[in-house]
Amino acid sequence: MTARQFQLQGLSGKTAMLALISVCATLLCTAVLLVAVQFLSLRKTFLEDLNAQIRIVGANSTAAIAFRDVRASEETLAALQTSSSIESAAIYLDGGPAFAYYLRDPAKPLPSPGAGLLEQGHQFGWRYLDLVQTVELNGKRIGLVAIRATLDMLYGRLAMYAFITMLVVGASLGIGYLLVSRMRKVVAHAEAHLTFLAHVDAVTGLPNRHAFNEHLSYALSKLEQFGGHIELLLLDLDNFKSVNDTLGHSKGDQLLKAVGQRLSGCLRDSDIVCRIGGDEFAIIIESKNTERHGGTVAHKITQSLAAPFIVNEHEVYVTGSIGVSSSADDSCDILALTRNVDTAMYAAKAKGKNTFEVFRQEMNQLAQKHLAIEHSLRKAIKNQEFSLHYQPKLHLRHNRVTGFEALLRWNNPQLGMVSPVEFIPVAEETGMINQIGLWVVQTACQQVAAWEEQGLADFKVSLNLSPRQTRNPQLAKQILAEIHSAGIDASRLELEITESQLMENVGANIELLAQLRSYGLRLSIDDFGTGYSSMAYLKRFPINELKIDRSFIRDIPGDGDDEAIVASIIALGHGLGLTVIAEGVETAQQMAFLRTVDCDSIQGYYLARPMPAADVPAFLAHMRSRPLSA
Ligand code: C2E
Ligand code: MG
Ligand code: MG
């Protein structure tokens, strides 16, 4: 439970307590009021009863007083014995002493008719009620009758009434309390469920972004008091989208859940892992001292993700790029910490994914460079800062150059030569790639036409398409228009689309490729082996060629695993009726090995680096006169 929730629950508890106290107070006040009203009513009835009695005694005593008949007077008074509340009574002669009386308890005094009593006719004390009645004969006062009655019975009745009232109030309170506490339980349960939904990611059961923000700000607020530092890890899965598209969303969810479990397995109980976005997980590590664990944890996570996940009986491989930032590096503010971890994560992606990067201040400079690239890229076409370089492809069996890959070069006056690895992703993010890509197609088509005029027409030129371009529904038509306007044959062009890109949106890509194939273009899957093609899809893509990623070529011959992978890709390609080319061939040994495993073509620095278009005729002439020896 977060501090805020705790506070809220404390508040609602206090409010309920206050409500209960005010209900109790109201009921008690009502009870007291009822008892008071009852007291007044009992007192009135009591007084009326006694008044009636004293009047009777008064009326019956006239003759006895007139004749000073003590016996008759005492007999009249004796009638009062039947009233249990009357303690004593006396008959006085006017202005004289009592000449007849009745005393229930002889130790107690007689009622004395003082001036006050005479004036009001009755007088309430704490324990007694005194009453007086004048006795008149022929309009002249001849005596007085005085009665003293105890209030014990009245109090007794009142106590009984108060008791019953309190019993009713108590019972009502009890029932009310039970009802309220039951309602509170139901409300608390509903609240807890809502809180759960608001803070927990339904797919993985981990805390969600909302909870992450609360955890992080709470952890940061504790730093000021207790010291130590916080490390933040941000994991973004590299290829989740293609896995999700290939396996379907429910399997994608299963995979995310499994990833969440694996992450939890890499952490201590005190660390917090949250799913903060589609394929993004964040981990908060709190340390009491200055020791840093972020890098170690990130390494552990990359290793733990390396083992395959079993989803629906399929083995699925997932990698992640992790950024690490620490509150000790920057300020303890949540914005700086999350911005830095983002920057570090992007640096890990830029480094080639499936790795982690700990935030360094220089990374901000890289981020600034990213911004500068974005800014300058907008004017690059207009300022004619782009050019295409062409890297040859050699057919191994025919020992002949059969194609060139057009690679974009950007020379900016301020930034110098910027690698496509740096600016293509920026162009991709900003959408500028569509315009730039079109420039590439146009320039390559015109170059092919220019070479044709020079009599150079026996090779193909391949162009790279980036993901955003392939999502442009106009792409195929735009390419065809450029081919027509340059006046070349579509078969002179080949398009390279990366494997991961193809798997991003299989259905739409199959359609696009089919359309491009129908125009007569050749199609190649670039960087093959780094994505996660399903064999079933591979068969359905209308492609001509597989281009083995250079990461598998780098360590051959020598690395048994890579040798096996390369040989298998070639066998697979040939099995599917495709040609296979290896990229990144830098040595004679690599080329020799590729020949032994029957690779069709090679491309790489061993043959030539990408060259300006102007150098191509001379290179072709050179290759014809001195072909690479086997
Ligand atoms: P890619 O399509 O896989 O291109 C091959 C990259 O490998 C090129 O890098 C090339 O110069 C480099 N390379 C070729 N032979 C070797 C070798 O023997 N060893 C090593 N280490 N590298 C070699 P470059 O030109 O920097 O391009 C990088 C990536 O940028 C390309 O990878 C491609 O994905 C992208 N790119 C380049 N031009 C374009 C373009 O016009 N449009 C699009 N969408 N992407 C492009
Ligand atoms: Mg390529
Ligand atoms: Mg490639």
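Visitor: Is Asn464 buried, partly exposed or exposed?

Guide: Buried means under 20% relative accessible area, exposed over 50%, and partly exposed in between, with a 1.4 Å probe and protein chains only. Asn464 is partly exposed, with a relative accessible area of 30%. By contrast, Asp526 is buried, at 7%.

Visitor: Anything I should know before reading on?

Guide: This is a predicted model, so local features need pLDDT of at least 70 and side-chain atom pairs count only at pLDDT 80 or more, while totals for chains, interfaces and linings use all residues. Residues are numbered from 1 along each chain as its sequence is written, chains are lettered from A and ligands numbered from 1 in the order in which they are written, and side-chain values use heavy atoms, with hydrogens and water left out.

Visitor: Which residues coordinate the magnesium ion (ligand 2)?

Guide: Look for donors: N, O and S atoms within 2.8 Å of the metal (3.2 Å for Na, K and Ca); water is not among the atoms, so sites may look incomplete. Here Glu405 (OE), Asn464 (OD1), Glu496 (OE) and Asp526 (OD) coordinate the ion at 2.1 to 2.2 Å. Asn464 sits in strand β16 and Asp526 in strand β18, so this pair ties together parts 62 residues apart in sequence. Strands (E, at least two residues) and helices (H or I, at least four) are DSSP runs, numbered from the N terminus.

Visitor: And what coordinates the magnesium ion (ligand 3)?

Guide: Its donors are Asp526 (OD), Asp527 (OD) and Glu583 (OE), with Glu583 listed twice, at 2.1 to 2.6 Å. Asp526 bridges ligand 3 and ligand 2, two magnesium ions that lie 4.0 Å apart. As for cover, Asp527 is partly exposed at 22%, whereas Glu583 is buried at 6%.

Visitor: Which residues come nearest to ligand 1?

Guide: A residue is near a molecule or strand if one of its heavy atoms lies within 4 Å of it. Of the 24 residues around ligand 1, the nearest are Arg409, Asp526, Arg550, Glu586 and Tyr605. Strand β14 gives the most to this shell, with 4 residues.

Visitor: What polar contacts does ligand 1 have, say with Glu405 and Tyr605?

Guide: A polar contact is a pair of N or O atoms within 3.5 Å; within protein, one must be able to donate a hydrogen and the other to accept it, and residues adjacent in sequence count only if both atoms are side-chain atoms. A polar side-chain atom of Glu405 is 3.0 Å from an oxygen atom of ligand 1. For Tyr605, a backbone N or O atom lies 2.8 Å from an oxygen atom of ligand 1.
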